[in-house]
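Okay, thanks for coming, everyone. I'll put the structure up and then walk through it piece by piece.

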Amino acid sequence: KEVKFNDTVSEDELRALFLDGPEGSRGKLVQPTPENNPKSSVWIIELPGETLGRVAGLKDLKGELWTEGGIHKGKGRKIGSCPLMLTSAQAKWSGGVGKLMITAHVTNSDSSSPNDDYW
C-alpha cells in the first residue's frame with residue numbers, strides 16, 4: 001500500500017532532511033544526476049523506510065483489517081487493526097515551486113492479514 005504526503009520545502013531543507021547525514025540514514029538521489037536528466041528541476045530521491053520514519057517521526061503505525069466485500073458477500077467489515085512497517089519511500093521535489101511529494105510504501109509488519117490487500 002502507499003501513503004502520500006505533500007508539503008512545501010526549500011532546497012536547503014530537502015538536503016538536510018534526506019541527503020545529508022551518515023551513510024545508511026540518507027536517501028539516494030535518482031534525478032538529476034549527470035547520467036539521468038542532469039538539467040531537470042524535479043528531484044527524485046529514493047529513501048529507505050527507516051529514514052522516512054526517523055525524519056517524519058513516524059512510529060507505531062497501524063492499519064485496519066477488513067473482510068472482503070462484494071455483490072454476493074455484502075459489505076466489507078472491519079475486523080481489527082494491525083501494525084504497519086515502512087518499507088521504502090520516494091520523495092519528488094519540484095525546484096521551481098518547492099513542492100515536495102513523498103510516497104511511502106507500507107506493509108503489514110506481523111503478517112496477521114492472510115492477504116495484504118485487505119487492510
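Before we start, one cut-off: when I call a residue buried, I'm talking about under 20% relative accessible area, exposed is over 50%, and partly exposed sits in between. And keep in mind that what you're looking at is a predicted model.

Let me use that cut-off straight away. Take leucine 86, which is in strand E5. Its relative accessible area comes out at 16%, and because buried starts under 20%, leucine 86 counts as buried. What does leucine 86 touch, if we don't count residues up to four places away in sequence? The list is Gly49, Leu52, Gly53, Leu58, Leu61, Ala104, His105 and Val106. With glycine 49, the C-alpha to C-alpha distance is 4.6 Å, although the two residues are 37 apart in sequence.

Okay, stepping back to the whole chain. We have 2 helices and 6 strands, and from the N terminus the order goes β-α-β-β-α-β-β-β. There are 119 residues in the protein, and 29% of them count as buried. If you take the contacts with a separation of 6 or more, 54% are between residues 24 or more positions apart.

Now the strands. E2, residues 28–31, pairs with E3 in the antiparallel sense, over 3 bridges. E3 is also joined to E5, again antiparallel, this time by 7 bridges. A nice residue to follow here is isoleucine 45 in E3: leucine 29 stands opposite isoleucine 45, and in E5 the bridge partner of isoleucine 45 is alanine 91.

While we're around E2, have a look at what comes after it. Proline 32 is in the loop between E2 and E3. Is the peptide bond from glutamine 31 to proline 32 cis or trans? In this model that bond is cis, with omega near -5°.

On to the core. In general, nonpolar side chains in soluble globular proteins tend to be buried together. Here, the largest nonpolar core has 19 residues, and the ones with the most contacts inside it are Leu14, Phe18, Ile45, Leu52, Ala91, Leu100 and Ile102. Which elements supply at least two residues each? That would be helix H1 (11–19) and the strands E3 (42–48), E5 (78–94) and E6 (99–108). E5 gives the largest share, with 6 residues. So you'll recognise isoleucine 45 and alanine 91, the bridge partners from a moment ago, because both are on that list of residues with the most contacts inside the core.

Leucine 100 is another one from that list. Setting aside neighbours within four places in sequence, leucine 100 is in contact with Phe5, Asn6, Asp7, Val9, Leu14, Phe18, Ala91, Lys92 and Trp93.

Leucine 100 also takes us to the largest pocket, where it is one of the lining residues. The pocket holds about 170 Å³ of space. Along with leucine 100, the lining includes Phe5, Asn6, Asp7, Val9, Phe18, Leu52 and Ile102. By class, that lining has 10 nonpolar residues, 1 polar and 1 charged. At least two lining residues come from each of E1 (2–8), H1, H2 (49–56) and E6.

Let me stay with H2 for a second. Gly49, Thr51, Leu52 and Gly53 in this helix are buried, and what covers the buried residues of H2 includes H1, E3, E5 and E6. Just after the helix, glycine 57 takes a positive phi of about 70°.

Last stop, two residues outside the buried set. Lysine 78 is in E5, and with a relative accessible area of 51% lysine 78 is exposed. Beyond its neighbours within four places in sequence, lysine 78 is in contact with Glu64, Leu65 and Trp66. For leucine 65, which is 13 residues away along the chain, the C-alpha separation from lysine 78 is 5.8 Å.

The other one is aspartate 20, in the loop between H1 and E2. Buried, exposed or partly exposed? Aspartate 20 is partly exposed, at 47%. Its contacts, again leaving aside neighbours within four places in sequence, are with Arg15 and Arg26.

Okay, that's my tour; over to you.

Methods:
Residues are numbered from 1 along each chain as its sequence is written. This is a predicted model: local features need pLDDT of at least 70, side-chain atom pairs count only at pLDDT 80 or more; totals for chains, interfaces and linings use all residues. Side-chain values use heavy atoms; hydrogens and water are left out. A nonpolar core is a set of buried Ala, Val, Leu, Ile, Met, Phe, Trp, Tyr and Cys residues joined through side-chain atoms within 4.5 Å. Buried means under 20% relative accessible area, exposed over 50%, partly exposed in between (1.4 Å probe, protein chains only). Helices (H or I, at least four residues) and strands (E, at least two) are DSSP runs, numbered from the N terminus. Contact means heavy atoms within 4.5 Å. On a 1 Å grid over the protein atoms alone, a cavity is a set of points where a 1.4 Å probe fits but cannot get out, and a pocket is an open set with protein on both sides within 12 Å along at least five of seven lines; lining residues have an atom within 4 Å of a point. Grid points are joined across faces, edges and corners, and a volume is the space filled by probe spheres set on the points. Ala, Val, Leu, Ile, Met, Phe, Trp, Tyr, Cys and Pro count as nonpolar, Asp, Glu, Lys and Arg as charged, and the others, Gly among them, as polar. Two strands pair if DSSP finds at least two bridges between them.
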